[in-house]
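Please set out a briefing on the structure shown below, beginning with its metal sites and then moving to the helices around them.

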Amino acid sequence: MPLELGLRSGWPDSLRFLLQRYPRAIWPGHRNLGQLGQFWLQRHQMFKELAQMLLAGTQELIAGRLDAATFNGWFAPRFAFFVQELQGHHQIEDQHYFPVFMRAEPKLRLGFEVLEQDHDTIHAALDNLVAASEALVRALVAEPAMVTARAEAMAAAIERFLPLLGRHLEDEEDLLIPLILERGDATIR
Ligand SMILES: [Fe+2]
Ligand SMILES: [Fe+2]
């Protein structure tokens, strides 16, 4: 079973033993979810919503319902925030949390290694998004004839990105939330 992002559709059975004990249905309101687990889920939700919002806004531009200046003023700061926050989130996972989780449950090590590789895949895809956004912003400012084509390329890039991001976030949650529920978040830090 391939575990690379873009090929896998969830974890193999060998990495699901905690998820089977702590299925998603019991996560909300579980007393061990704690601040750390809630914060994690909220950050992931924010990334998904923001990416969807950036796509919807770009589609509004393509449909001609937003003018260039209004769109640019809305899009540029939100896109920059998205890229910066996602990179920061991955950095703290790679440097701090994943090593802590791997020590806490060595049987999940493979999963955390896969998630680290996901971050590299996502960063390569983010580079494409950044290039598409820069081309779009250039068109918005100085090449009006190119706006629609650049906006379509931006929307296509986000549409390619969304399933990768969604798969990564869901699998990460499936690995670490059950671990937090089993141990309590105080012992994980
Ligand atoms: Fe991650
Ligand atoms: Fe994450």
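**Metal sites and helix packing**

In sequence, the donor residues of the iron ion (ligand 1) follow the spacing E-x25-H-x48-H-x3-E, where donors are N, O and S atoms within 2.8 Å of the metal (3.2 Å for Na, K and Ca), and water is not among the atoms, so sites may look incomplete. This is a predicted model, in which local features need pLDDT of at least 70 and side-chain atom pairs count only at pLDDT 80 or more, while totals for chains, interfaces and linings use all residues; side-chain values use heavy atoms, with hydrogens and water left out. Residues are numbered from 1 along each chain as its sequence is written, and chains are lettered from A and ligands numbered from 1 in the order in which they are written.

**Iron ion (ligand 1)**

- The protein donors of the iron ion (ligand 1) are Glu93 (OE), His119 (NE2), His168 (NE2) and Glu172 (OE), at 2.0 to 2.2 Å from the ion.
- The 4 donor atoms of the iron ion (ligand 1) give angles of 85 to 173°, and the site is irregular; four donors count as tetrahedral if all angles lie between 85 and 135 degrees, four count as square planar and six as octahedral if opposite donors are over 155 degrees apart and all others between 65 and 115, and anything else is irregular.
- Glutamate 93 lies in helix H3 and histidine 119 in helix H4 (residues 109-142), so this pair ties together parts that are 26 residues apart in sequence; helices (H or I, at least four residues) and strands (E, at least two) are DSSP runs, numbered from the N terminus.
- Both glutamate 93 and histidine 119 are buried, a term meaning under 20% relative accessible area, with exposed over 50% and partly exposed in between (1.4 Å probe, protein chains only).

**Iron ion (ligand 2)**

- For the iron ion (ligand 2), the protein donors are His44 (NE2), His89 (NE2), Glu93 (OE) and Glu172 (OE), lying 2.0 to 2.2 Å from the ion, and their spacing in sequence is H-x44-H-x3-E-x78-E.
- The arrangement around the iron ion (ligand 2) is irregular because its 4 donor atoms subtend angles of 78 to 153°.
- Glutamate 93 bridges the iron ion (ligand 2) and the iron ion (ligand 1), which lie 3.3 Å apart.
- Histidine 89 and glutamate 93 are separated by about one helical turn, because they are 4 residues apart in helix H3 (residues 68-104), and histidine 89 is buried, as is glutamate 93.

**Helix packing**

- H3 and H4 pack at an angle of about 165° with their axes 11 Å apart, where axes are lines fitted to C-alpha atoms, for helices over the stretch in contact, and angles run from 0 to 180 degrees between N-to-C directions.
- H3 and H4 are therefore roughly antiparallel to each other, given that angles under 35 degrees count as roughly parallel, over 145 as roughly antiparallel, 65 to 115 as roughly perpendicular and the rest as oblique.
- The residues in the contact of H3 with H4 comprise 20 nonpolar, 6 polar and 5 charged; Ala, Val, Leu, Ile, Met, Phe, Trp, Tyr, Cys and Pro count as nonpolar, Asp, Glu, Lys and Arg as charged, and the others, Gly among them, as polar.
- Helix H2 (residues 34-62) packs with H3 at an angle of about 150°, their axes being 10 Å apart, which makes H2 roughly antiparallel to H3.

**Chain as a whole**

- The chain has 6 helices and 0 strands, and 46% of its 189 residues count as buried.
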